[in-house]
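Morning, everyone. Please pull up the model and follow along on your own screens.

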Amino acid sequence: SSSISLDRETVTFPVSATVEEVYVREGSSVRAGDPLVRMNVEDIETGLASYELQLDMVGLELEQAKLNQQSQLLAAQQQMESTQQSGELAAENAALTVTQLERAVTEAEENLADKEQELTDWTACLDTLEEDLVTLEYYEDMAEEHQMDTEGNTWTSILSDFQEYYQETYGTIDSMDALEEEIALTEEELEEARLALEEAQLNLTTGRLNAEQQEESAQSNADIATSEYELTEVELEQAVEAAQETYDELEDQIEEVRSLLSDDGIVYADCNGLVASISVEEGDDVGVFIDEDTNLILSYATILTMTDISSVPITISEEDILNVSIGQEATVTMNAFPNQTFAAEVDTITVESARSGAATVSYTVNVRFAEENTLDMLEGMSAEVTLVQRAARDVLYVNAQAVTFSGGISTVLVEGADGQAEERVVETGFTDGMYVEIVSGLSEGETVLAESAVSAA
């Protein structure tokens, strides 16, 4: 047992216009195609022209978004490529700097080695200089006094050869004091060479670190520029897509508006039902709501509300709810329409309990009418709903009271040609409690005897 629940059908108008005539009243029974109200035709044409102008404006915004996409994306690409080139150049410069610093270290090492060798050579001269000075003086004296030595060589040539050796060994040093001064000067130069090498090595370490930082910074800038380009590309693409979506949606809305309007300005009912409420009167100006940012139509003007018979809610206990399924066959009968049965089916099943915490948990099931209803059904009318859990069609059946079950065997009493009752074994099938399907044992048209529910007084 339940009651009728009516859906509400809101009748709207998609253009701002003046109501010229209302053809129905609250409670009026209407059929699909009946006129409801008439709107001013000139207002409708003006509204359509306004929509077309809005579409042109949105189209211009779409074209502007596409132009912005081209120009800004090109600028972002140029910026990205410039940053990437700067990064590559910075990496090359850093590598060149490191190479130069490495060369400076090598030169400092070579200079230090030369000074060390030079000091070693000068130190070795301490052991030979005095003797060589004596020899040089002797050869100079002999060159002045004698023409030839014992082996026939001239002392002049001997002196010349020794002077060449002396020049290669000592240079311009002509005394031990001068040699010691040269050694001291070389030691100072050696210390300077050591300091120069340390400085070059420090510069190399610092230079490598700076080069790595410059290279990392350049790569980071290049990565940032690439990310910014990709982000710009996505944002511009989204802007174009949003503008395109707005344009397409507004275009679809205008097409929908045109399909909803009639040439005579009359709004017709699109279903059968009763007028539940009317929101306008003759002379009223109704308006639609437009989004100022997108120019899209947010909502149409409400004209009236109709009832549309659609479903009957029923309550099913938790013991039976698992036997109910979507699409299950059902029938509906109503006190207001005696001797009529309406075909229906299960439309929805509420998964949350209708009465939680009570002794019996139940669930709401909506049963929807299978066919369009032309009767004036009112909200709250009493209804009886039958859910068909199982059905057997085109079968032979008898009254359940005609079948006797005993020992697992089913029998019926069949009236013979002589009027005498004959017991016959039958095979039974599906039963709804009132009737039993006969699978075998009987033929259509045979008369069976059923136990009477009336007892003798």
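Asn-111 is partly exposed, because its relative accessible area is 34%, and partly exposed covers what falls between under 20% and over 50%. Asn-111 sits in helix α1. Keep in mind that this is a predicted model. Now look for Thr-431. It is 320 residues away from Asn-111 along the chain. The C-alpha atoms of the two are separated by 117 Å.

Next, Thr-246. Is Thr-246 buried or exposed? It counts as buried, because its relative accessibility is 17% and the cut-off is under 20%. Thr-246 belongs to helix α4. What does Thr-246 touch, leaving out residues up to four places away in sequence? The answer is Val-58, Thr-294 and Leu-296.

On to the cores. In soluble globular proteins, nonpolar side chains tend to be buried together. Here, the largest nonpolar core has 33 residues. Those with the most contacts inside it are Phe-13, Leu-36, Met-39, Tyr-51, Val-257, Ile-303 and Met-306. Several elements each supply at least two residues of this core: β2, β3, β5, α1, α4 and β11. Which of them gives the most? That is α1, with 5 residues.

Stay with Phe-13 for a moment. Set aside its neighbours within four places in sequence. Phe-13 is then in contact with Met-39, Ile-44, Leu-261, Val-267, Val-288, Tyr-300, Ala-301 and Ile-303. There is also a second, separate core, with 30 residues. Leu-136, Tyr-170, Leu-190 and Ala-200 are included in that one.

Now the sheet. Strands of a sheet pair through backbone hydrogen bonds, either parallel or antiparallel. In this model we have an open sheet of 4 strands, with antiparallel pairing. Read the order as β6-β5-β3-β8. The edge strands, β6 and β8, each pair on one side only. β8 covers 285–286. Inside the sheet, β3 and β5 are antiparallel and share 3 bridges. Take one of these pairs: Val-22 has Val-37 in β5 as its bridge partner.

β6 brings us to the pockets. The largest pocket holds about 270 Å³ of space. How many residues line the largest pocket? There are 14 of them. Nearest its centre lie Thr-12, Leu-260, Val-267, Tyr-268 and Asp-270. Note Val-267 in that list, since we met Val-267 as a contact of Phe-13. β2, α4 and β6 each supply at least two residues of the lining. β2 gives the most, with 5 residues. By class, this lining has 8 nonpolar, 4 polar and 2 charged residues.

Then the second largest pocket, with about 240 Å³ of space. Arg-390, Ala-392, Val-395, Tyr-397, Phe-430, Thr-431, Asp-432, Tyr-435, Val-436 and Glu-437 line it. You will recognise Thr-431, from the 117 Å separation with Asn-111. Which strands each supply at least two residues of this lining? They are β19, residues 421–431, and β20, residues 435–440. β20 gives the most, with 3 residues. The classes come to 6 nonpolar, 1 polar and 3 charged.

How are those strands arranged? β19 and β20 pair in the antiparallel sense, over 3 bridges. In that pairing, Thr-428 stands opposite Ile-438 in β20. β19 and β20 make a hairpin with 3 residues between the strands. In this hairpin, Gly-433 takes a positive phi near 95°. β20 also has β16, residues 397–399, as an antiparallel partner, joined by 3 bridges. There, Tyr-397 stands opposite Glu-437 in β20. Both Tyr-397 and Glu-437 are in the lining of the second largest pocket.

One more hairpin to finish. β17, residues 403–406, pairs with β18, residues 409–415. The sense is antiparallel, and there are 4 bridges. Val-403 stands opposite Val-412 in β18. Between β17 and β18 there are 2 residues. Which residue in the turn has a positive phi? It is Gly-407, at about 60°.

That is my tour. Over to the group.

Methods
Residues numbered from 1 in each chain as written. Predicted model: local features only at pLDDT ≥ 70, side-chain atom pairs only at ≥ 80, totals over all residues. Heavy atoms only, no water. 1 Å grid on protein atoms, 1.4 Å probe; cavity = no way out; pocket = protein on both sides within 12 Å on 5 of 7 lines; lining within 4 Å. Points joined across faces, edges and corners; volume = space filled by probe spheres on them. Nonpolar A, V, L, I, M, F, W, Y, C, P; charged D, E, K, R; others polar. Core = buried A, V, L, I, M, F, W, Y, C linked by side-chain atoms within 4.5 Å. Buried < 20%, exposed > 50% of the residue type's maximum accessible area, 1.4 Å probe, protein only. Contact = heavy atoms within 4.5 Å. Pairing = 2+ DSSP bridges.
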